[in-house]
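User: Can you walk me through a few spots in this structure? I'd like short answers with the reasoning spelled out.

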Amino acid sequence: MTDEKPDDLTQPDDGTFFEQSDRRLFLKQSLAVAGLTLSPLSFLKTAEPDADEAPFGNAEKVSFNLSINGKKHRLSTDPRTTLLDLLREQLGLTGTKKGCDFGQCGACTVHVDGQRVLACLSFAVMQNGRKITTIEGLAKGDRLHPMQEAFIKHDGFQCGYCTPGQLMSAVSCVREGRANSEADIQEYMSGNLCRCGAYPNIVKAILDVKTGGQNA
Amino acid sequence: MKAFEYVRPSTIREAIELVATNPKAQFIAGGTNLIDLMKHGIAAPEKLVDINHLPLKKIEKRDDFLRIGALVLNSEVASHKRVLASHPLLAQALNAGASGQLRNMATVGGNLLQRTRCPYFYDRAFPCNKRIPGSGCGALGGINRMHAIFGVPEKPDPKSCIAVHPSDLSVALSALEATVLVQGHRGERQIPMADFYRLPNNRPEQDTTLSNGELITAVEIPDAVFQKHVHYLKVRDRASYAFALVSVAAALDIDQNRIKTARLSMGGVAHKPWRLFDAEKMLTGQAVSETVFRQAAEAAMQGARAFEHNAYKLRVAPNAIVQALKLAAGLS
């Protein structure tokens, strides 16, 4: 889990980052590991979700409609449920990843009405009536999306955890007309972090799709 | 996260009433700042009033200004043809901020209303006067590398705040002398950018001059002559997707190598966008030259004050001003 959490973030502009909170998380995780060697019980305890972050209180469920990867859904959730948690926990669409859960890493990038957004920073109820595309909806059956092909061709990943978010963002980057040069891609893909450092190959893959004239 | 009631009113009037009559209710638009704060347990509204469906999504050319609806997305403004033609500084500032995903979520109104904040505001293990008024300031004796150099009294008030406002858009709007249109249950009012944000003083929990229940409906930017000679310069720890350490919005009206009008505003240096009136005055009527820019930058730095870790801003800021002016004037 620690490997999946970017720890070298400076401050994204929407203001979601803070060194201290990351450090705190790191401490918690280190404690959890230390606890394991001392006492399995204390490990279990620290491994529980942080009380600060767990929902509490009674919220009335709210009903709403979403189209996800072309399929219509009638849903009912606690309004605190983020779009990310709805996809992963309620609908089993675990291709969309939870990296930081605070809008800093881009692992949860999905398309809403064709635009890339962060699923972790949106309550699911707010998306009522919208069309969501997740990584599961990018390929056409067995035929991979050209961007997926290009990521394979250029080896645009190592561990693969950030890849669904990178792909969703990359497809948008081309659609937005922001993939005209390496510098352009670096700038407009900056919301997607890759701890393995696959950036050069990700950039190559996107440029290949763009210059190959393939439809993103 | 605390439970909240979610409501989606269909009219502006209804939305305003819902928030104006309940101090624990809040508007939500893009949610990129508010949801983050709610996840951290810093904001805990009992009622969330979703305004995303309200008719505030137009960019319109009016008599002598451009009106941008409060719910227009940051990405929509940044790629709008009219904006690019008449107010390119806005697009530059917006594209320097956040990430592609966040710009597709964040609205103009929400961008202006993101909290002025620092790491201590987020870290509940530390005191923070903005989070809990009167609790103290973690940054004063802590790591204050990101913090303010302007608008800070000689003896910093331990009950106040030294955080900086992180919006790039508001820095550009401040330089362009935009007006914020606001609607409350007592009617509408127009707030010039210069009066929209406040210094923390004895109410650090209050970032703006809005009253509870007042809703931003639009911003209006006067038609200006600032198309050709503008530049938004953002200095940050990494090349992209980071807050400004210092940013400069520079807009010049140059006629035959002489500056007719200059507008300058800085981000990352104060609790609010920091307009450089003295430097603007100094530049007016002058011939374009690096020497003049340097003099203006020096004038701009009067009254700046550093804390333990942000003295570097006293050097970065004037250099950034000069560089932004040179780029705006086409000197470099």
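**A hairpin, a core and a helix face**

Analyst: Let's start with a turn in this predicted model. The hairpin of β10(B) and β11(B) has two residues between the strands, and Q256(B) there takes a positive phi near 50°.

User: How many bridges join β10(B) to β11(B)?

Analyst: β10(B) covers residues 246-255 of chain B, and the two strands run antiparallel. One of the pairings puts I254(B) opposite I259(B) in β11(B). The number of bridges joining the strands is nine.

User: On the other side of the next hairpin, which residue is the bridge partner of S265(B)?

Analyst: β11(B) also pairs with β12(B), residues 274-275, in the antiparallel sense over two bridges. That hairpin has six residues between the strands, and G268(B) takes a positive phi near 75°. In β12(B), the partner of S265(B) is R275(B).

User: Is β11(B) largely enclosed or largely open?

Analyst: Look at the burial count: seven of its ten residues, 258-267, are buried. So, with respect to the rest of the structure, β11(B) is largely enclosed.

User: Which helix gives the most to the largest nonpolar core?

Analyst: That core has 168 residues, and L89(B), A172(B) and I321(B) touch the most other members. A172(B), for one, touches residues including L90(B), Y232(B) and A249(B). With eight residues, the top contributor is helix α13 of chain B.

User: Within what arc do the buried residues of α4(A) fall?

Analyst: In this helix, residues 146-153 of chain A, the buried ones are M147(A), Q148(A), A150(A) and F151(A). Seen down the axis they line one face of the helix, because they fall within an arc of 160°.

Note on methods. Residues are numbered from 1 along each chain as its sequence is written. Chains are lettered from A and ligands numbered from 1 in the order in which they are written. This is a predicted model: local features need pLDDT of at least 70, side-chain atom pairs count only at pLDDT 80 or more; totals for chains, interfaces and linings use all residues. A nonpolar core is a set of buried Ala, Val, Leu, Ile, Met, Phe, Trp, Tyr and Cys residues joined through C-beta atoms within 7 Å. A residue is buried if 20 or more other C-beta atoms lie within 10 Å of its own, exposed if 12 or fewer, and partly exposed in between; C-beta atoms are placed from the backbone. Helices (H or I, at least four residues) and strands (E, at least two) are DSSP runs, numbered from the N terminus. Two residues are in contact if their C-beta atoms, placed from the backbone, lie within 7 Å. The arc is that of the directions from the helix axis to the C-beta atoms. Two strands pair if DSSP finds at least two bridges between them. Lists of a residue's contacts leave out its neighbours within four places in sequence.
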